[in-house]
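Dear colleague,

Please find below the sequence and the structure that I am handing over to you. A summary of what was found follows directly after them.

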Amino acid sequence: MSPDKMNALVCESISEDLSGVSVKQLDVPSPQAGEALIKVRAASINFPDILMCQGKYQHRPELPFIVGMNFSGDVAETGPNVPEELKGQAVAGSLRPGAFAGYVVAKASSLHRIPDNLGYAPAAAYPSAYLTAYVSLVRRANLQSGETVLVHGAAGGVGLATIDLAKILGARVIATASTNEKLDFLKGYGADMVLPVDQGFRKQVKAFTNGRGADIIFDPVGGDVFDESTRCIAFDGRLLVIGFTSGRIATIPSNIPLIKGFSVVGVRAGEYGRQYPERGQENLEAIWQLAAAGKTRPHVHAELPLEDFRAGFDMLTNREVIGKVVFAM
């Protein structure tokens, strides 16, 4: 039997300093038809979690809302029209938002059983990062074995997932990051070349590719990184726009991709699945099959109690994280 109350991280007002975010005690929700109630064991932080609370993200939930997107845990109860055998299973899933709570309700069809080789924390770190990597490289960039992928923000959760998947798919990977600690980690993680992003990377990328440039550039940073990326991309290359963690949304004169023959491609992994539901399900099945086969390597940087949410948010904001920060619930 589930308890009546639970702790949850709630955003009650939009604010730059996150003063409108706090841990509250709420009623445990009840699953309706087709839904399951999950006792959350772990939930991972993503940049959009912070941006939503600051009113800077494209999706703006109605206030107040429970923060968080990715969770893992055990099915505690099932609603009508849900197989009884789901109860007790270890599962992972995503919400939009609502994951940073002791219990969550989710559509049973959206849950994925956690493979035996993956614990709660890595499973919580998995969905958004690897789904973004998969939609980016497979669906939007049509990555071919032997191509070169330049990954910016490579030490973050999505960046690591992109390196991981690119190597699985047979690509050569150049990774950029901001500190020596991150660069050393990326070398050990499998990147073929690592570069400090703040010292410029155009010449090194061109040299590594014998003057051709990178076939695919994965850019969650924007700003100056985007600008320099246009100078080291190959003809017929694909420059993937993932986000703007630098704070500046870059612009580009249309004659540059025309003359250099590359494409600028926007990536919203979740929206891709909403626009193309069948493909969206295929994407999720593909990444979880890779996890079950033991081919992927999600990395958890730190596990924190929910009460320390500010420390976790600060880690991301200050670019201290390698992989993902996870709340242990």
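Phe185 and Tyr189 are four residues apart in helix H5 (residues 180–189), so about one helical turn separates them. Please bear in mind throughout that the model is predicted. The ring centres of Phe185 and Tyr189 lie 5.8 Å apart with the planes at 20°, and the pair is therefore stacked. Phe185 has a relative accessibility of 23% and counts as partly exposed, whereas Tyr189 is buried, with a relative accessible area of 6%.

Aromatic rings and charges

Six aromatic pairs are found when the whole structure is searched. Another of the pairs is formed by Tyr126 and Trp288, with ring centres 4.8 Å apart and planes at 45°, so this pair is tilted. Tyr126 lies in the loop between helix H2 (120–125) and helix H3 (127–140), while Trp288 belongs to helix H10 (residues 277–292); the pair therefore ties together parts that are 162 residues apart in sequence. Both partners count as buried: Tyr126 has a relative accessibility of 0%, and Trp288 has one of 7%. Ring pairs also bring in Tyr130, so that Tyr126, Tyr130 and Trp288 are linked into a cluster.

Two charged side chains should be mentioned alongside the rings. The charged end of Lys39 sits over the ring of Tyr103, at 5.5 Å from the ring centre. Likewise, the charged end of Arg279 sits over the ring of Tyr276, and here the distance to the centre is 4.0 Å.

Cysteines

How many disulfides does the count give? The count comes to zero, with a disulfide taken as a pair of cysteine sulfur atoms within 2.5 Å. For Cys53, the nearest cysteine sulfur is that of Cys11, 4.1 Å away, and Cys53 is in no disulfide. Cys53 is buried, with a relative accessible area of 0%. Cys232 also counts as buried, at 0% relative accessibility.

The sheet of three strands

One open sheet has three strands in the order E2-E1-E4, and the pairing is antiparallel. Strand E2 (21–27) and strand E4 (65–66) stand at the edges with a single partner strand each, so one side of each has no neighbour in the sheet. Strand E1 (residues 5–11) pairs with E2 over seven bridges in the antiparallel sense, and Asn7 stands opposite Gln25 in E2. Helix H11 (residues 309–317) packs on this sheet and touches E1 and E2; the direction of H11 makes about 135° with that of E2.

The sheet of six strands

A further open sheet has six strands in the order E11-E10-E9-E12-E13-E14, with parallel pairing. Its edge strands are strand E11 (193–196) and strand E14 (263–266), each of which pairs on one side only. From one strand to the next, the twist averages 20°. Within this sheet, strand E9 (residues 148–151) and strand E10 (residues 172–177) pair in the parallel sense over four bridges, and Thr148 stands opposite Arg172 in E10.

Which helix packs on this sheet, touching E9 and E14 among its strands? Helix H3 does so, and H3 also touches strand E12 (214–219) and strand E13 (233–241). The direction of H3 makes about 150° with that of E12. Tyr126, from the tilted ring pair described above, lies in the loop between helix H2 and this same helix H3.

With kind regards

How values were computed: Residues numbered from 1 in each chain as written. Predicted model: local features only at pLDDT ≥ 70, side-chain atom pairs only at ≥ 80, totals over all residues. Heavy atoms only, no water. Phe/Tyr/Trp six-rings, centres within 6.5 Å; stacked < 30°, edge-to-face > 60°. Helix = DSSP H or I, 4+ residues; strand = E, 2+ residues; numbered from the N terminus. Buried < 20%, exposed > 50% of the residue type's maximum accessible area, 1.4 Å probe, protein only. Lys NZ or Arg CZ within 6 Å of the ring centre and 35° of its normal. Pairing = 2+ DSSP bridges. Contact = heavy atoms within 4.5 Å. Axes fitted to C-alpha atoms, helices over the stretch in contact; angles between N-to-C directions.
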